[in-house]
Amino acid sequence: MGVIDAINLTKRYGDIEVLHGLTFSIEEKSITLVIGPNGAGKSTLLKIIGGLINRTSGYISVLGEDPWNSNKIPRKVGIILDRPFLPPYLTVIDIVKEVSSEFSYPLSDAKRLLEDFNLVHFMKNKVRELSAGTKQKLQIVFSLIKNPEIIIADEPTANLDITSRYEVYNTFAVLREKMGLTVLISSHIPAEILAFSTHVLAINNGIMKFFGKVDKLLRNNFLEEFYIVVDNIGKALEALKDRRIEVIGNQIRISGNLAEISKILSNAGVRIFYVRNSIIDKSIKGETGWE
Ligand SMILES: Nc1ncnc2c1ncn2[C@@H]1O[C@H](COP(=O)(O)OP(=O)(O)OP(=O)(O)O)[C@@H](O)[C@H]1O
């Protein structure tokens, strides 16, 4: 049994069925990337898992409960949307105080969360003064104040530039590695976020096309060549000194397991701005029928 189990899950809006018999089991502490073209059914699936809408038929269990009929799920599942709804004229610390008191969460722990995610220097800023990426990171941190076990993020990077997108991806990696949370993220730009994911669930037209580990999706192609743009090439070279790498302009060319490489870089404090490899796109498109 997984943290989230679905058997033959369907959803109809009126007469139209938009999810057709999905069966999958999400492991604890995994990061599952939910991918598919516009209208595939990603948001519908995430909303069912988060208990925001009910399924039409089939079985769904989240942390052992039916999410639609559970008092536990709203506390245990944090939901992140593409645009954070944060009061623009309040300061970050005011919001932290308010959310902490609502969930009886110690303020000192909430402040530590801000430290963990490098947000402490924004404490006295009003929300309207923050960049879109910082607001999104704050939304993620606020969702942690209720101590959730699962985070569901629906297109969390849809409105962000590439630097902010990678900040948010790194945030999800921290959630999994340091806090042991199970994370589901939907995205239109799967090649970028794949390196931070452990599993992929691909839907097209409401049909599940693929569910499994990232390396199964990429198969042998996973050991391919990548071009990575980082914020600090010197630090990156030092962190990857045991590997054969080549510097081309502001990019590093390297072969190997992308998830492993990104972990080494992130542990060395190097920020990844961009990863390119045509094989990733080809594998995703080939397996999912997504054109
Ligand atoms: N409340 C609703 N009433 C009727 N149809 C809906 C409703 N919400 C979504 N749909 C339809 O269900 C299908 C799946 O939509 P959904 O939003 O889940 O897809 P998605 O993969 O998240 O798409 P996108 O990437 O564009 O957000 C689409 O055809 C959409 O038009």
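1. Arg165 and its contacts. Beyond its neighbours within four places in sequence, Arg165 is in contact with Thr157, Leu160 and Glu192. Arg165 is found in helix H6, residues 162–177. Is this charged residue buried or exposed? Arg165 is buried, because 22 other C-beta atoms lie within 10 Å and the cut-off for buried is 20 or more. Its C-alpha atom is separated by 8.9 Å from that of Ile193, which is 28 residues away along the chain. Please keep in mind here and below that this is a predicted model.

2. The six-stranded sheet. Six strands form an open sheet with mixed pairing, in the order S5-S6-S7-S3-S8-S9. Its edge strands are S5 (77–80) and S9, each of which pairs on one side only. From one strand to the next, the twist averages 15°.

3. Strand S3 and its two partners. Which way does S3 run against S7? The two are parallel, and five bridges join S3 to S7 (residues 182–187). Thr32 has Leu184 in S7 as its bridge partner. Helix H6, the helix of Arg165, packs on the sheet and touches S3, S6 and S7. The direction of H6 makes about 160° with that of S7. Strand S3 (residues 31–35) is also joined to S8, by four bridges, and this pair is parallel. Here Val34 has Leu201 in S8 as its bridge partner.

4. Strand S8 and the hairpin. Why is S8 described as largely enclosed by the rest of the structure? Strand S8 (residues 199–204) has six residues and five of them are buried, so the description fits. Six bridges join S8 to S9 (residues 207–213), and these two strands run antiparallel. Asn204 stands opposite Ile207 in S9. The hairpin of S8 and S9 has two residues between the strands. In this hairpin, Asn205 takes a positive phi near 50°.

5. Helix H5. H5 lies across S5 and S6. H5 runs at about 165° to S5. The helix spans residues 132–144, and the loop after it leads to strand S6 (150–154).

6. Two further positive phi values. Most residues other than glycine have a negative phi. Leu63 is not a glycine, yet its phi is positive, at about 50°. Leu63 lies in the loop between S4 and helix H2 (73–76). Leu63 counts as partly exposed because 17 other C-beta atoms lie within 10 Å. Asn147 is a second case: it is not a glycine, and its phi is positive at about 60°. Asn147 lies in the loop between H5 and S6. With 13 C-beta neighbours inside 10 Å, Asn147 is also partly exposed. Both loops deserve a look in the viewer.

7. The three-stranded sheet. Three strands form an open sheet with antiparallel pairing, in the order S2-S1-S4. The edge strands are S2 (16–26) and S4 (57–62), each pairing on one side only. Neighbouring strands of this sheet are turned by 25° against each other on average, direction ignored. Seven bridges join S1 (residues 4–13) to S2. Among the residues of S1, Ile4 has Ile26 in S2 as its bridge partner. Helix H1 packs on this sheet and touches S1, S2 and S4. The direction of H1 makes about 60° with that of S2.

8. The ligand shell. Which residues surround the ligand? They are Tyr13, Val18, Gly36, Asn38, Gly39, Ala40, Gly41, Lys42, Ser43 and Thr44. By class, the shell divides into three nonpolar residues, six polar and one charged. Which element gives the most to this shell? Helix H1 (residues 42–49) does, with three residues. H1 therefore has two roles to note in the text: it contributes to the shell, and it packs on the three-stranded sheet.9. The nonpolar core. The largest nonpolar core has 69 residues. Which residues have the most contacts inside it? They are Ile152 and Ile185. Not counting residues up to four places away in sequence, Ile152 touches Leu46, Ile49, Gly50, Val77, Ile79, Ile80 and Leu184. Leu184 is the residue of S7 that is the bridge partner of Thr32.

Terms used:
Residues are numbered from 1 along each chain as its sequence is written. This is a predicted model: local features need pLDDT of at least 70, side-chain atom pairs count only at pLDDT 80 or more; totals for chains, interfaces and linings use all residues. A residue is near a molecule or strand if its C-beta atom, placed from the backbone, lies within 6 Å of it. Ala, Val, Leu, Ile, Met, Phe, Trp, Tyr, Cys and Pro count as nonpolar, Asp, Glu, Lys and Arg as charged, and the others, Gly among them, as polar. A nonpolar core is a set of buried Ala, Val, Leu, Ile, Met, Phe, Trp, Tyr and Cys residues joined through C-beta atoms within 7 Å. A residue is buried if 20 or more other C-beta atoms lie within 10 Å of its own, exposed if 12 or fewer, and partly exposed in between; C-beta atoms are placed from the backbone. Two residues are in contact if their C-beta atoms, placed from the backbone, lie within 7 Å. Two strands pair if DSSP finds at least two bridges between them. Axes are lines fitted to C-alpha atoms, for helices over the stretch in contact, and angles run from 0 to 180 degrees between N-to-C directions.
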